[in-house]
Amino acid sequence: MSIAAPLLPGATLGVLGGGQLGRMFTLAAKVMGYRVVVLDPDPLSPAGQVADTHLKADYRDAVALLRMGGLCQAVTTEFENVPAESLRTLAKHCRVAPGADALAVAQDRLTEKTRAREHGCETAPFANIETEADLAAAWRAVGGPALLKTRRLGYDGKGQARVDSLDDLAAAFDRLGRVPCLLEGFLPLQREVSVVLARNPADEIAFFPLAENRHRNGILDLSIVPAGVADSVTDAARRMAAGLARGLDYVGVMAVEFFVLAEGRVVFNEMAPRPHNSGHYTLDACATDQFQQQVRALCGLPLGDPRLLSPVVMVNLLGDVWRPEPNWLELLRHAGVQLHLYGKAEARPGRKMGHYNCLAATPEAALALAESTRAALGIGCD
Ligand code: AMP
């Protein structure tokens, strides 16, 4: 495989999607001396606010894609539901990473789990359901308890239902709109962890430390690093994540979520073809953060040092705590707190408005700081 020359500062990079992940990519790229073009239809998008150029158009808009391809030397994406076809179009004009095929894998839970298995990941038992005629066979194959998940467009626990019988399954399939679904065995989780890694075109892989993730109402609430798991769990998760990245010939930053079961068994849950909420702790606690790493991988540069510099706990700030605006002094009075707000004008329940990282000398002190500041803001008291 021939490897293109690295793109150096001064080049123009593009990102499809203007949410917070696109904003943090844009800020990292600009700090490093790149110019950034954002494509997002929302005139107030978080990334559009800080980009050099904001193309306000739909992700399928042929004219906007042509313009982006003309302006940029390389383009990446900040969310998986960008049409894979748009990446294929852009790839005719400039470097694109991750590629359209890797993105398409992550857009469909069936392809994702099938490919993950092929490339060495252990998964929960699963079965495909496309029509009512598939329900009984899927139930026989997986058994209960199980989770029914829509194959596409599910996130943060949306588009899924717990089912304990074939009748439950039929009712849930109906409620989910009879769209293609995956039935998945419900596992006894002890912990949830994620691996964020970067892979560049030279097949160099850098792993960030494993994060232990705690959710509330299906949305990530806290990430704790270092995770409280045995080294064998970290090794297994990294081995599976790297196998998948190589199997997909993935270039860029990728996150893989795993379940940890009894006796340290590690099971693949899903991948995100982009930086991830559970990697936001890297912004303040690692020698290189996940967005700098995204720039490096996209540009074909050697990867940065992902080493952890301090124990850290990341706390998500959802729109629920805007009543009307949190008292930021409750956070900023602490020297160990680093606040990140995404520039979203309207706060809605469940909407990710920002996050903060709590750094301390020990993991226990970082968790105590996270817990006391959350209580002071009223998070989790509703
Ligand atoms: P997902 O959208 O697939 O990431 O699922 C959202 C959350 O549901 C996960 O973070 C887990 O807490 C839970 N979950 C998903 N799949 C399973 C499973 N097979 N067994 C038990 N819990 C699950």
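**Exercise 1. Locate Pro-145 and describe the peptide bond that precedes it.**

Pro-145 sits in the loop that runs from helix H6 (135-142) to E7. Helices (H or I, at least four residues) and strands (E, at least two) are DSSP runs, numbered from the N terminus. The model is predicted, so to speak of local features requires pLDDT of at least 70, side-chain atom pairs count only at pLDDT 80 or more, and totals for chains, interfaces and linings use all residues. Residues are numbered from 1 along each chain as its sequence is written, and side-chain values use heavy atoms, with hydrogens and water left out.

Solution, continued. The bond between Gly-144 and Pro-145 is cis, with omega about -10°. A second cis bond leads from Arg-323 to Pro-324, with omega near 0°. Pro-324 belongs to the loop between strand E16 (312-318) and helix H11 (329-332). As background, most peptide bonds are trans.

**Exercise 2. State how the protein is divided, and determine where the ligand lies with respect to domain 2 and domain 3.**

Step 1. The division gives domain 1 (12-96), domain 2 (125-185) and domain 3 (189-377); the bounds come from an automatic or database domain assignment.

Step 2. The C-alpha centres of domain 2 and domain 3 are 29 Å apart.

Step 3. Both domain 2 and domain 3 contribute residues to the shell around the ligand, so the ligand lies between them.

**Exercise 3. Describe the surroundings of the ligand.**

Step 1. The ligand is surrounded by 15 residues, and the closest are Lys-149, Glu-184, Gly-185, Leu-187 and Glu-192. A residue is near a molecule if one of its heavy atoms lies within 4 Å of it.

Step 2. By class, the shell holds five nonpolar, five polar and five charged residues. Ala, Val, Leu, Ile, Met, Phe, Trp, Tyr, Cys and Pro count as nonpolar, Asp, Glu, Lys and Arg as charged, and the others, Gly among them, as polar.

Step 3. At least two shell residues come from each of strand E7 (146-150), strand E9 (181-185) and strand E15 (266-272).

Step 4. Consider the N and O atoms. A ligand oxygen is 2.7 Å from a side-chain N or O atom of Lys-149, a ligand nitrogen is 2.8 Å from one of Glu-184, and a ligand oxygen is 2.9 Å from one of Glu-270.

Step 5. Of the 470 Å² of accessible area that the ligand has on its own, the protein covers 88%. Such areas come from the Shrake-Rupley method with a 1.4 Å probe; for residues, only the protein chains shown count as cover.

**Exercise 4. Decide whether Thr-26 and Thr-12 are buried or exposed, and list their contacts.**

Step 1. Thr-26 is in helix H1 (residues 20-31) and has 0% relative accessibility, so it counts as buried. Buried means under 20% relative accessible area, exposed over 50%, partly exposed in between (1.4 Å probe, protein chains only).

Step 2. Leaving aside residues up to four places away in sequence, Thr-26 touches Val-15, Val-36, Val-38, Ala-47, Val-50 and Ala-51; contact means heavy atoms within 4.5 Å.

Step 3. Thr-12 is part of strand E1 (residues 12-16) and is buried at 12% relative accessible area. Its contacts, with the same exclusion of residues up to four places away, include Arg-35, Val-37 and Leu-71.

**Exercise 5. Characterise Arg-178 and Asn-217 by phi and accessibility.**

Step 1. Arg-178, not a glycine, has a positive phi of about 55° and is partly exposed at 41%.

Step 2. Asn-217 has phi near 50° and, at 72% relative accessibility, is exposed.

Notes:
A polar contact is a pair of N or O atoms within 3.5 Å; within protein, one must be able to donate a hydrogen and the other to accept it, and residues adjacent in sequence count only if both atoms are side-chain atoms.
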